[in-house]
Amino acid sequence: MLSQEENDLLCCTGPGTPMGNLFRRFWLPVALSRELPKPDCPPVRMRILSEDLIAFRNTNGKVGLLSRYCPHRGASLFFGRNEEGGLRCVYHGWKFDTTGVCIDMPNEPAECSFKHKIRQTAYPTREAGGVIWAYMGPQEIMPELPELEWTLVPQNHVYVHKRFQHCNYLQNVEGEVDSSHVSFLHREFRPEKFNAAIAGQVLLAQAKDTAPKFLVQETEYGLTIGARRNWDADQYYWRVTKFLMPSFTLIPSEAGSPINFTAAVPVDDKNMVGFTVTWLPDRPLADNDISTIESWTGAYAEVDPKTFEPIASRANDHLLDREKQRTENFTGMRGIREQDIAVQEDQFGGPVTDRTKEHLGTSDTGVITLRRRLLNSVRNFQQGQEPPEPRKATAYRVRPIADIAYRNLSLDEVLDSGDLDLARSEV
Ligand code: FES
Ligand SMILES: [Fe+2]
């Protein structure tokens with residue numbers, strides 16, 4: 001349970017809000033590179049942290065991210081002409097480069113110096129892992145991109161996916177660190193189907209213990225969240241999720257299986273864009289890895305390829321099938337992500353859940369620790385302390401773990417057996 005003040009502090013991310021300013025200290029995934037497939041292609045509208053933006057790829061292939069509305073009289077640059085090194089507003093022809101400089105003002109006399117005074121807000125971008133990243137904070141403290149493994153391996157090892165989700169970002173992140181719900185929300189009554197469909201969750205399907213014990217550690221990048229279930233007389237089944245500031249997670253899967261990353265990026269306070277990434281460190285994804293992903297039974301929701309809106313939505317009750325719920329799985333909904341979206345979009349009836357009404361138990365330890373970490377960060381930030389994580393780019397080179405271990409092993413020993421220690425030269 002949180003107070004209303006704490007809930008607002010965590011959930012509000014628009015310009016000028018404490019959490020919004022904290023988010024703006026981090027590089028954030030904002031779009032897929034393939035949404036801007038070639039130089040001078042059509043621009044893409046987006047809204048991030050309650051700011052209306054337009055992304056375009058210029059003639060040289062560089063991605064610009066500008067405020068969406070033209071500084072002249074506010075026409076949308078979505079209608080703009082993307083040509084010869086800049087985006088030109090269709091209303092009166094003003095043209096901007098990727099840094100926001102006004103490079104042409106054809107409706108003013110040539111000798112007029114007005115254009116040199118005009119600058120559109122522009123945010124730096126990078127491309128890594130098939131994703132366009134943006135940094136929306138102060139230029140003088142712009143950090144390096146976090147060294148997430150999937151941004152460093154060859155692109156054919158990686159599958160990236162984007163979806164919109166109609167709730168506050170925090171509901172999604174809480175779901176990602178809540179290892180307890182997987183025994184229920186994602187329960188499949190036919191284990192053989194579960195195993196085939198969801199790589200890396202074979203052990204989970206066999207785990208009988210539905211009340212994991214949580215052990216959480218603070219780390220340089222965020223949190224290590226260990227959920228330990230009884231396996232047999234000698235062993236535990238561990239699921240170790242990583243939370244990476246400000247809103248990223250690594251979801252446990254077994255060694256050798258594809259690894260999953262998620263990011264929840266606020267569109268505004270009631271909507272988010274979710275990125276899910278699957279990668280293999282050692283080999284390209286094979287056709288059957290991709291067909292498993294595109295069965296939409298796992299961590300990916302099927303989306304409309306143009307709008308990125310999930311096909312299973314609140315409007316159609318997330319395609320809930322009551323017969324399926326009786327006979328096939330716990331929810332009667334198809335996929336893990338689709339199940340997550342259904343519950344996350346409607347907690348206490350709102351896209352921003354009312355955390356003053358909750359009743360948290362011991363199995364909510366991951367969620368509680370996540371909130372504490374974020375609250376500490378944002379309160380320190382309000383006191384003038386910059387978050388340290390953006391300066392720890394290399395600390396983001398970690399993996400999650402799902403494995404069986406003897407009961408005498410501590411969380412540290414389990415981590416030692418599985419943590420990523422990848423030399424820069426190897427990637
Ligand atoms: S509104 Fe864009 S050039 Fe006039
Ligand atoms: Fe889930």
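**Group meeting: strands, an iron site and a pocket**

Let me start with strand β18 (residues 271–279), which runs antiparallel to β17 and is joined to it by 9 bridges. Strands here are DSSP runs of E, at least two residues long, and helices are runs of H or I, at least four residues long, both numbered from the N terminus. Two strands pair if DSSP finds at least two bridges between them.

Before going on, this is a predicted model, where local features need pLDDT of at least 70, side-chain atom pairs count only at pLDDT 80 or more, and totals for chains, interfaces and linings use all residues. Residues are numbered from 1 along each chain as written, chains are lettered from A and ligands numbered from 1 in the order written, and side-chain values use heavy atoms, leaving out hydrogens and water.

Back to β17. A hairpin of 2 residues connects β17 to β18, and Phe-261 has Val-277 in β18 as its bridge partner. Strand β16 (residues 248–251) also pairs with β17, antiparallel, over 4 bridges. There, Ile-251 stands opposite Asn-260 of β17. Is β17 buried or exposed? In strand β17 (residues 259–268), 10 of the 10 residues are buried (under 20% relative accessible area; exposed is over 50%, partly exposed in between, with a 1.4 Å probe and protein chains only), so the strand is largely enclosed by the rest of the structure.

Next, the metal. Which protein atoms are donors of the iron ion (ligand 2)? They are His-181 (NE2), His-186 (NE2) and, listed twice, Asp-340 (OD), at 2.0 to 2.6 Å. Donors are N, O and S atoms within 2.8 Å of the metal (3.2 Å for Na, K and Ca); water is not among the atoms, so sites may look incomplete. His-186 sits in the loop between α3 and α4 (191–197), and Asp-340 in helix α8, 154 residues apart. Both of these residues are buried.

Why is the arrangement called irregular? Because the 4 donor atoms around the iron ion subtend angles of 55 to 154°. Four donors count as tetrahedral if all angles lie between 85 and 135 degrees; four count as square planar and six as octahedral if opposite donors are over 155 degrees apart and all others between 65 and 115; anything else is irregular.

Last, the lining of the second largest pocket. It divides into 4 nonpolar residues, 8 polar and 6 charged. Nonpolar means Ala, Val, Leu, Ile, Met, Phe, Trp, Tyr, Cys and Pro; charged means Asp, Glu, Lys and Arg; the others, Gly among them, are polar. A pocket is an open set of points on a 1 Å grid over the protein atoms alone, where a 1.4 Å probe fits, with protein on both sides within 12 Å along at least five of seven lines; lining residues have an atom within 4 Å of a point.
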